[in-house]
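Trainee: I would like to learn how to read a model like this one, feature by feature. Could we go through it together?

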Amino acid sequence: MNCAGVVCYLCLMETPPERIETARLLLRRWTVDDAKVLVDAANASLDHLRPWMAWATHVRTPAEQREWLEHVTAKAREGSDFAYGVFRASDPTSVIGGCGLHRRIGTGGIEIGYWIHVDAIGHGYATELAGALTRVALQLTDIDRVEIHCDEANVRSAAVPRKLGYVLDRIENNTVEAPGEAGRSMIWVMRAANAAQTSDRLVAHRCVEDRQRTPLTGSVTGSPPASISDGNRDGKRRERSGDDAPADRITR
Ligand SMILES: CC(C)(COP(=O)(O)OP(=O)(O)OC[C@H]1O[C@@H](n2cnc3c(N)ncnc32)[C@H](O)[C@@H]1OP(=O)(O)O)[C@@H](O)C(=O)NCCC(=O)NCCS
């Protein structure tokens, strides 16, 4: 949602945090300065990503990557897409993937996308980040539905929402956008009402805004993180500078 420069209390409330920390991961909005580390991670993982990610078609240059980062930075300013780099909490310079929250599934909904560096798969990182993002998303004032879309053939990806307690809502025929896809898109849904029942699977985390570090409650249905609401109360729109992964579509 774009406030077109008007300070809008609701829209400010809808902005997810800049940084999200879990037990093992730091999710931080990409900035244009991340072009080199992102391109290195994406290029090293190209063969692993190509079957499933429409954007993983060729080896990229840092300049191309920077252009994309500028694009997603603008999308974050609009309030429509929030792309995060996934780093090891123990080494915040080490990129192990990308993920994002995307407002592209209609009113009340937000979609999570993710990819993990080829050298980091199989350790539960995708499940950990998606669990944290699910909680963060459901704490946004306008969101009561979180979705993960993945092709039916992408069994590794489908394991993530399944483990988190998402419900397979439907399977839709879809355009094949990457070579591994079957063209049937699984729509996994977590509704706010159901999240409380599976809250033990939704990963503990805390949200961190610039210069603010505030513990987050474990409740899925509780108040927005203090770091968000505190920032809103002062009526100032914080400048955001970064976002997510190599293309504006992370899933599918
Ligand atoms: C899908 C992806 C994000 C998973 O990342 P990850 O960190 O390895 O995922 P996790 O370790 O959290 O969970 C993967 C689960 O899939 C399971 N899995 C792995 N290979 C599998 C297979 N061939 N068949 C079925 N399940 C499989 C694992 O066992 C694991 O479940 P478990 O924890 O119960 O053992 C990663 O493989 C990736 O980046 N793939 C390419 C990009 C992509 O597909 N993105 C999603 C687009 S919708």
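**Reading the model step by step**

Mentor: Let us begin with a single residue, E152, which is partly exposed because 15 other C-beta atoms lie within 10 Å of its own, a count between the limits of 12 or fewer for exposed and 20 or more for buried. E152 sits in the loop between β6 (145–151) and α6, and, not counting residues up to four places away in sequence, it touches I171, A182, R184 and M186. The C-alpha atoms of E152 and E172 are separated by 9.6 Å, with their positions 20 residues apart along the chain.

Trainee: Before going further, what pLDDT does the protein average?

Mentor: This is a predicted model, and the protein averages a pLDDT of 81, with 75% of the residues scoring at least 70. Over residues 210–252, however, the pLDDT is below 50, although this stretch has 113 contacts in the model beyond near neighbours in sequence. For residues 1–13 the pLDDT also stays under 50, and there the model has 17 contacts beyond four places in sequence. Where pLDDT is low, the predicted coordinates should not be read in detail.

Trainee: How many helices and strands are there in the protein?

Mentor: The protein has 8 helices and 10 strands, and buried residues make up 44% of its 252 residues. To see how the chain folds back on itself, look at sequence separation: of the contacts with a separation of 6 or more, 67% are between residues 24 or more positions apart.

Trainee: Is α5 enclosed or open to the outside, and why?

Mentor: For a helix, one counts how many of its residues are buried; in α5 this holds for 13 of the 14 residues, so the helix is largely enclosed by the rest of the structure. Its length can be checked too, since α5 reaches 20 Å from its first C-alpha to its last, close to the 20 Å expected at 1.5 Å a residue. A137 lies in this helix and counts as buried because it has 24 C-beta neighbours inside 10 Å. Leaving out residues up to four places away in sequence, A137 touches L101, I110, I143 and V146, and its C-alpha atom is separated by 9.9 Å from that of P17, 120 residues apart along the chain.

Trainee: Which residues have the most contacts inside the largest nonpolar core?

Mentor: That core has 53 residues, and those with the most contacts inside it are L27, V86, L129, A130 and L133. The largest share of the core, 9 residues, comes from α5. Beyond its neighbours within four places in sequence, L133 is in contact with C99, L101 and I112.

Trainee: Which residues come nearest to the ligand?

Mentor: A shell of this kind is read first by its members and then by the elements that supply them. Of the 23 residues around the ligand, I121, A126, T127, C150 and A159 come nearest, and the elements giving two or more residues to the shell are α3 (46–49), β5 (109–116), α5 (125–138) and α6 (155–164). The most comes from α6, with 6 residues, and the shell divides into 13 nonpolar, 8 polar and 2 charged residues.

Trainee: Where is W52 found, and is it buried or exposed?

Mentor: W52 is found in the loop between α3 and α4 (62–78), and it is buried, with 21 other C-beta atoms within 10 Å. Not counting residues up to four places away in sequence, W52 touches D151, N154, S157, A178 and G180; of these, D151 is 99 residues apart from W52 in sequence, yet 8.1 Å apart in space, C-alpha to C-alpha.

Conventions
Residues numbered from 1 in each chain as written. Predicted model: local features only at pLDDT ≥ 70, side-chain atom pairs only at ≥ 80, totals over all residues. Near = placed C-beta within 6 Å. Helix = DSSP H or I, 4+ residues; strand = E, 2+ residues; numbered from the N terminus. Nonpolar A, V, L, I, M, F, W, Y, C, P; charged D, E, K, R; others polar. Expected span 1.5 Å × (residues − 1). pLDDT = per-residue confidence, 0-100. Contact = placed C-beta atoms within 7 Å. Core = buried A, V, L, I, M, F, W, Y, C linked by C-beta atoms within 7 Å.
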